[in-house]
Amino acid sequence: FHSGPVVASVVGQLNPRYCLFGDTVNYASRMESNSLSNKINMSPQANTFLLEQVPDAITHTRGIMPVKGKGNIECFWLNQSDENCKKIQNMEIVLSINYSESVI
């Protein structure tokens, strides 16, 4: 995953959709497409942000990976455990609440 600023808007009149735009969306898509099944691949920014929010999360470097449109980027894996997953899920809820408050 990746973390960063986005622009959100409702697009379309006949079939309106809520869409996100920006480099962060593209970057997150690249992280997903360069990942493996059942693994969480993170950008350096997401890794730093995650470790600030959940200091006992366990991550390890995946090494320098070629990322389309970004060049060579050091990517990270998130090691999953039941305890870490619960903490990260709680963090995602807090982040989404904080995000929605900052947009309004």
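This report describes the fold, the strand pairing and selected residues of a single chain.

The model is a predicted one. Its chain has 104 residues, of which 22% are buried. The secondary structure consists of three helices and five strands, and read from the N terminus the elements follow the order β-β-α-β-α-β-β-α. Of the contacts between residues at least 6 apart in sequence, 48% connect residues at least 24 apart. The chain exposes an accessible surface of about 7,200 Å², and carbon and sulfur atoms account for 56% of that surface.

**The sheet**

An open sheet is formed by three strands, in the order E3-E5-E4, with antiparallel pairing. Strand E3 (41-42) and strand E4 (58-67) are the edge strands; each has a single partner strand, so one side of each lacks a neighbour in the sheet. Helix H2, spanning residues 44-53, packs on this sheet and touches E3, E4 and E5. The direction of helix H2 makes an angle of about 35° with that of E5.

The two pairings within the sheet are set out below.

| Strand pair | Sense | Bridges |
|---|---|---|
| E4 and E5 | antiparallel | nine bridges |
| E3 and E5 | antiparallel | two bridges |

Individual residues show how the strands are aligned. Strand E5 covers residues 71-79. Along the pairing with this strand, Val 67 stands opposite Gly 71 of E5, and Ile 58 stands opposite Asn 79 of E5. For Asn 41, the bridge partner in E5 is Trp 77.

E4 and E5 also form a hairpin, with three residues between the strands. In this hairpin, Gly 69 adopts a positive phi near 85°.

**A buried residue in strand E5**

Is Leu 78 buried or exposed? Leu 78 belongs to strand E5. Its relative accessibility is 7%, and because the cut-off for a buried residue is under 20%, Leu 78 counts as buried. Leu 78 and Ala 57 are 21 residues apart along the chain, and their C-alpha atoms are separated by 7.7 Å.

In general, the side chains of a regular strand alternate between the two faces of the sheet.

**A nonpolar surface patch**

Which residues form a nonpolar patch on the surface? The patch is made of Val 10, Tyr 18, Leu 20 and Val 25. Together these four residues have about 390 Å² of accessible area. One of them, Leu 20, is located in strand E2, which comprises residues 17-21. Leu 20 has a relative accessible area of 44% and is therefore partly exposed, whereas Leu 78 in strand E5 is buried at 7% relative accessibility.

Note on methods. Residues are numbered from 1 along each chain as its sequence is written. This is a predicted model: local features need pLDDT of at least 70, side-chain atom pairs count only at pLDDT 80 or more; totals for chains, interfaces and linings use all residues. Side-chain values use heavy atoms; hydrogens and water are left out. Helices (H or I, at least four residues) and strands (E, at least two) are DSSP runs, numbered from the N terminus. Buried means under 20% relative accessible area, exposed over 50%, partly exposed in between (1.4 Å probe, protein chains only). Contact means heavy atoms within 4.5 Å. Accessible areas come from the Shrake-Rupley method with a 1.4 Å probe; for residues, only the protein chains shown count as cover. Two strands pair if DSSP finds at least two bridges between them. Axes are lines fitted to C-alpha atoms, for helices over the stretch in contact, and angles run from 0 to 180 degrees between N-to-C directions. Patches are made of residues with over 30% relative accessible area and no salt bridge: like charges are joined within 9 Å, nonpolar side chains (Val, Leu, Ile, Met, Phe, Trp, Tyr) within 5 Å. A salt bridge is a side-chain nitrogen of Lys or Arg within 4 Å of a carboxyl oxygen of Asp or Glu.
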